Amino acid sequence: VLVNGIPIYRPFLVRAGRQEGLSFINPDIIDEVDFSAGGWSPTYGDKMSSVLATTYRRPTELHGSAMISLLGASAHLEGTIGQDKVTYLIGARHKRSAYLLNTLDVEGSYTPSFTDIQSFWDFTLTSNTNIEVLVAFAGNRYGVVPTTSETSFGTFQEELRLNVAFDGQEQMNYNSFQTAWKLNHLISDRWAVSLMASLSSSKEREYIDLEGGYRLCDVDKRVDSDTFDQCISTRGIGTLYNYSRNQLDARIIDIRAQSDLELNSENTLIAGVQYSGQEIDDVLDEYNFTDSAGYVQTSPVAYAQNNTFANIIAGFITHSIDKSNLNLSYGFRINYNTLNEDLLISPRLEFSLDLGKKTRWKVGTGLYQQQPFYREYRDLLGEVNTNAQAQSSFHFITGIDYTFDWWHRPFTFTMDGYYKYLWNQIPYT
């Protein structure tokens with residue numbers, strides 16, 4: 001995810017994705033969204049699967065909005081200061097999913113709460129120079145105090161029912177803060193440069209103390225019986241206990257410089273260099289215990305205290321040829337990770353051709369290699385494997401863009417088909 005060229009970092013420990021209540025992109029303040037399922041240019045970085053590049057808009061007047069619903073609320077304010085020398089966007093969102101989650105099989109007290117506050121400022125220093133500033137905070141809190149759960153499975157003639165009673169709770173907090181400064185300068189009509197510095201901080205806590213007792217029984221399916229749809233015999237009983245005290249603190253520094261040079265009316269050269277410093281402090285402390293049907297099983301105790309620091313140095317260059325009805329872009333990325341000592345070179349190629357005034361055919365291919373982040377280095381027991389290599393994929397994507405007017409508004413219909421070959425994958429739970 002990129003916002004005006006700034007990379008966005010999200011929580012790392014999130015379990016099953018259920019704590020991600022809000023995406024980073026705030027729809028109240030965006031101007032453009034560009035999504036690529038594959039085959040994108042070297043400018044967009046070293047991720048392996050897809051890119052969501054967003055541009056926040058530049059306000060021209062004072063404007064605001066507000067929304068409230070059963071699941072949350074949002075508001076935003078935008079405007080200008082000092083004869084349009086300074087523009088600002090401020091957006092806040094809050095979401096509570098308790099109303100929705102109370103319909104789940106597990107009954108209990110759900111208190112999920114997601115808050116996101118962002119501001120984006122644009123300072124015009126001269127006619128050729130401006131500074132963009134992004135400040136963002138996201139607080140994701142997921143609390144649950146389960147009480148009971150009932151699940152039925154099997155056939156109508158032979159139905160089994162699992163009843164579970166719980167004691168305890170789960171509390172998971174994920175707080176992330178990010179600020180970025182980006183200087184844009186136009187050296188001439190054909191040469192633009194930019195310098196960006198970003199600081200991200202994340203504090204994540206997962207605290208679980210949860211005990212459960214369960215019963216598995218046969219259900220009476222005789223319609224004329226006094227005990228119809230009730231448990232008539234018990235197949236087994238047991239207990240379980242889950243414990244976690246996980247803490248993670250992450251600090252990430254990004255510094256990037258980019259040059260866009262228009263060689264002539266048809267040729268453009270874009271090049272850039274970047275540095276990323278990633279420091280992670282992690283404490284993993286969890287286990288679970290099961291006592292069921294005559295046996296006792298304890299999972300391996302996962303306990304570890306890790307501190308890792310990775311320096312990633314990268315660069316890219318791309319050359320674009322833009323003629324009246326076709327565009328060709330080719331280039332490569334190179335990056336080096338000091339933690340696993342992995343050097344990666346990723347060539348890429350894009351081609352598009354206008355098939356009339358409204359239809360464009362496009363093709364993209366290339367190598368996409370994603371350096372491991374801390375989550376990929378750590379195994380289930382907390383051991384850090386710094387020899388983990390980059391996850392890699394080869395993309396081939398083709399598609400069409402069709403533009404048309406509907407309801408007196410411009411629309412674009414996009415259809416893509418892609419093939420991806422992936423290797424060195426690092427799956428995790």
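**Group meeting talk: strands, rings and a small core**

Hi everyone, let me begin with one side chain: tryptophan 121 is partly exposed, because its relative accessible area is 25%. Please keep in mind throughout that this is a predicted model.

Tryptophan 121 has a ring partner, phenylalanine 123, and that residue is also partly exposed, with a relative accessible area of 29%. Searching the whole structure turns up 13 aromatic pairs. How are the rings of tryptophan 121 and phenylalanine 123 arranged, stacked or edge-to-face? Their centres are 6.2 Å apart and their planes are at 10°, so this pair is stacked. The cut-off that matters here is that planes under 30 degrees apart count as stacked.

While we are on rings, have a look further along the chain. Tyr402, Phe404, Trp406, Trp407 and Phe411 are linked into a cluster by ring pairs. A little later in the sequence, tyrosine 418 has a charge over its ring: the charged end of lysine 420 sits there, 4.7 Å from the ring centre.

Now let me step back to the whole chain. Its secondary structure comes to two helices and 21 strands. The C-alpha atoms fill a box of roughly 85 × 55 × 45 Å along the principal axes. Of the 429 residues, 41% count as buried. If you take contacts between residues at least 6 apart in sequence, 63% of them join residues at least 24 apart.

Next, the strands at the start of the chain. S2, S1, S4 and S3 form an open sheet in that order, and the pairing is mixed. Which strands stand at the edges? They are S2 and S3, the latter covering residues 30-36; each has a single partner strand, so one side of each is left without a neighbour in the sheet. Inside that sheet, S1 and S4 (residues 51-56) run parallel and are joined by two bridges. One residue to find on your screen is valine 3, whose bridge partner in S4 is threonine 54.

Valine 3 also brings us to the core. The largest nonpolar core has 13 residues, and Val3, Phe24, Tyr56 and Leu134 have the most contacts inside it. As general background, nonpolar side chains tend to be buried together in soluble globular proteins. What does tyrosine 56 touch beyond its neighbours within four places in sequence? Its contacts include Val3, Phe24 and Leu134, along with Ile25, Ile29, Ile30, Leu89 and Phe120. There are polar residues in that list too, among them Asn4, Asn26, Asp31 and Gln118.

Asn4 deserves a moment of its own. Asparagine 4 is in the loop between S1 (2-3) and S2 (6-7). This asparagine has a positive phi of about 50°, although it is not a glycine. Most residues other than glycine have a negative phi. Is asparagine 4 buried or exposed? Asparagine 4 is buried, because its relative accessible area is 11%, and the limit for buried is under 20%.

Compare that with glutamate 341, which has a positive phi of about 55° and is not a glycine either. Glutamate 341 lies in the loop between S17 (326-337) and S18 (342-354). With a relative accessible area of 61%, this glutamate is exposed.

Let me finish with strands S10, S11 and S12. S10 (residues 129-154) and S11 (residues 159-188) run antiparallel, joined by 23 bridges. They form a hairpin with four residues between them. One bridge to look for pairs threonine 148 with alanine 165 in S11. S11 then runs antiparallel to S12 (residues 191-219), with 28 bridges joining the two. Here the hairpin passes through two residues. In this pairing, tryptophan 181 has alanine 197 in S12 as its bridge partner.

A good residue to zoom in on is threonine 179, which is in S11. Threonine 179 is buried, because its relative accessible area is 15%. What does its side chain reach at 3.3 Å? It is the backbone oxygen of leucine 134, and Leu134 is one of the core residues I named earlier. Leaving aside neighbours within four places in sequence, threonine 179 is in contact with Leu134 and Val135, and also with Ala197, Ser198 and Leu199.

That is my tour, and I'm happy to go back to any of these residues on the screen. Thanks, everyone!

Notes: Residues are numbered from 1 along each chain as its sequence is written. This is a predicted model: local features need pLDDT of at least 70, side-chain atom pairs count only at pLDDT 80 or more; totals for chains, interfaces and linings use all residues. Side-chain values use heavy atoms; hydrogens and water are left out. A nonpolar core is a set of buried Ala, Val, Leu, Ile, Met, Phe, Trp, Tyr and Cys residues joined through side-chain atoms within 4.5 Å. Buried means under 20% relative accessible area, exposed over 50%, partly exposed in between (1.4 Å probe, protein chains only). Contact means heavy atoms within 4.5 Å. Two strands pair if DSSP finds at least two bridges between them. A polar contact is a pair of N or O atoms within 3.5 Å; within protein, one must be able to donate a hydrogen and the other to accept it, and residues adjacent in sequence count only if both atoms are side-chain atoms. Rings of Phe, Tyr and Trp (its six-membered ring) pair if their centres lie within 6.5 Å; planes under 30 degrees apart count as stacked, over 60 as edge-to-face and the rest as tilted. A charge sits over a ring if NZ of Lys or CZ of Arg is within 6 Å of the ring centre and within 35 degrees of the ring normal.
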